[in-house]
Amino acid sequence: MNSYSDAVRVGVAGATGYSGVELVRLLARHPRARLTAAMGSPGSEPRRVRALARVWDDPIAPLDIDALADGCDAVFLALPEQASAAVAPELLARGTRVFDLSGAFRLRDRETRRQWYPHTPDAGVTPVYGLTERYRTCLAKSQFVACAGCYPTAAILSLQPLVAADLVEQPIVIDAKSGVSGAGKTPTERTHFSECHGSLSAYGVFSHRHAAEIEQELDVPVTFVPHLLPIDRGILETIYATLRPGITEADIVDAYRRAYAGSPFVRLTGSELPEIKHVTHTNFCDIGWRVNESRRQLVVVACIDNLVKGAAGQAVQNFNVAFGFDEALGLN
Ligand SMILES: NC(=O)c1ccc[n+]([C@@H]2O[C@H](COP(=O)([O-])OP(=O)(O)OC[C@H]3O[C@@H](n4cnc5c(N)ncnc54)[C@H](OP(=O)(O)O)[C@@H]3O)[C@@H](O)[C@H]2O)c1
């Protein structure tokens, strides 16, 4: 139970959405946070969210930036990207610490950002890319965190240690599959139950924003193909790469072990390949691999829950590091 004596006052904007509900669940019982505001879209009727019964029974208020800035030390934005692009700079200008779950501020290169997120202004504060395992040091005391995207989280955690150690060469192919909650709560013709149930479809080939995010963090080109999987939540990525000449499975194992020795939420499963069911409702990213040394083939499989490690859990993990708490606080 939260004693509130020295708790950080936190607010959630977008608390009626899929990621926002997860944030409220995590923050309402976080030992060092006091949830002081949970808001929906501007002008929306105050309403209770059934999924939050006995977690947060106050009505979810319409978005009110003044109330967030005055009543919170830190605000989590679980908003559509254009809304985040407008709200984040206002909160930052008033000294609030912001954890943005949208993609609006993730891309550092101005031209690339303009291409994929044309509505994003200069925030006035440089954001830290919010993948805790990669940017722990930069996250400490940061005012603005652009939390990593769901697909990029699994892809970067899987590939970054291998690319950094120069163990793999191109082509690198990321075959990614996500449950339907990855698209948010409003159904479209593609995500509507009767359209996606019993099917599996590729989308966004060569046109998905997350490819730019993955390439930003890896600094190598990748072929990224997302698929819509007819389950409610979870991401599984199967990643194909070629080993550089002379690289063995021991090199792969060593790179992963070194990279994640101090990372409580990365579980290395070795040749036991991960499954979505093993990570749903958790903040874990499970990474397994198979190597064919004679053919220089590497296959990596990674799984996360898109709403936890891919969204709300990751944001709380970043919050913990930014405020100097134990990285896993409130997440186990
Ligand atoms: N879903 C995922 O797996 C996932 C993973 C990582 C990152 N993200 C990112 O997180 C953000 C939220 O995603 P989501 O899937 O949780 O979305 P969602 O389920 O569609 O929820 C959107 C939330 O934003 C509010 N909202 C809608 N339009 C708004 C506006 N113009 N101004 C302010 N608030 C507005 C909605 O309030 P009302 O209910 O009042 O309309 C709702 O609370 C997105 O940027 C998304 O890209 C999502």
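This is a short tour of the ligand site and two backbone features in a predicted model.

**Stop 1: the ligand.** Select the ligand first. The ligand sits in the largest pocket. Now show the shell of residues around the ligand. There are 28 of them, and T16, S41, R47, L79 and K185 come nearest. Colour the shell by class. You should find 11 nonpolar, 13 polar and 4 charged residues.

**Stop 2: polar contacts.** Which atom of R47 should you look for? Pick a polar side-chain atom of R47, which lies 2.6 Å from an oxygen atom of the ligand. Next, switch on the backbone. At Y18, a backbone N or O atom is 3.0 Å from an oxygen atom of the ligand. At G14, a backbone N or O atom is 3.2 Å from an oxygen atom of the ligand. Then show the surface. On its own the ligand has 900 Å² of accessible area, and the protein covers 80% of that.

**Stop 3: where the shell comes from.** Select helix 1 (18-28), helix 3 (81-93) and helix 10 (308-322). Each supplies at least two residues of the shell around the ligand. Now colour by domain. Domain 1 (8-126) and domain 2 (151-306) each give the shell at least three residues.

**Stop 4: the backbone around strand 7.** Leave the ligand and select D166. This residue is in the loop between helix 6 (150-164) and strand 7. What is the sign of phi at D166? Phi is positive, near 60°, and D166 is a residue other than glycine. Move on to P171, in strand 7 (residues 168-178). Zoom in on the bond that joins Q170 and P171. This peptide bond is cis, with omega about 0°.

Technical notes. Residues are numbered from 1 along each chain as its sequence is written. This is a predicted model: local features need pLDDT of at least 70, side-chain atom pairs count only at pLDDT 80 or more; totals for chains, interfaces and linings use all residues. Side-chain values use heavy atoms; hydrogens and water are left out. A residue is near a molecule or strand if one of its heavy atoms lies within 4 Å of it. A polar contact is a pair of N or O atoms within 3.5 Å; within protein, one must be able to donate a hydrogen and the other to accept it, and residues adjacent in sequence count only if both atoms are side-chain atoms. Accessible areas come from the Shrake-Rupley method with a 1.4 Å probe; for residues, only the protein chains shown count as cover. On a 1 Å grid over the protein atoms alone, a cavity is a set of points where a 1.4 Å probe fits but cannot get out, and a pocket is an open set with protein on both sides within 12 Å along at least five of seven lines; lining residues have an atom within 4 Å of a point. A molecule sits in a cavity or pocket if more than half of its atoms lie within 2 Å of its grid points. Helices (H or I, at least four residues) and strands (E, at least two) are DSSP runs, numbered from the N terminus. Ala, Val, Leu, Ile, Met, Phe, Trp, Tyr, Cys and Pro count as nonpolar, Asp, Glu, Lys and Arg as charged, and the others, Gly among them, as polar. Domain bounds come from an automatic or database domain assignment.
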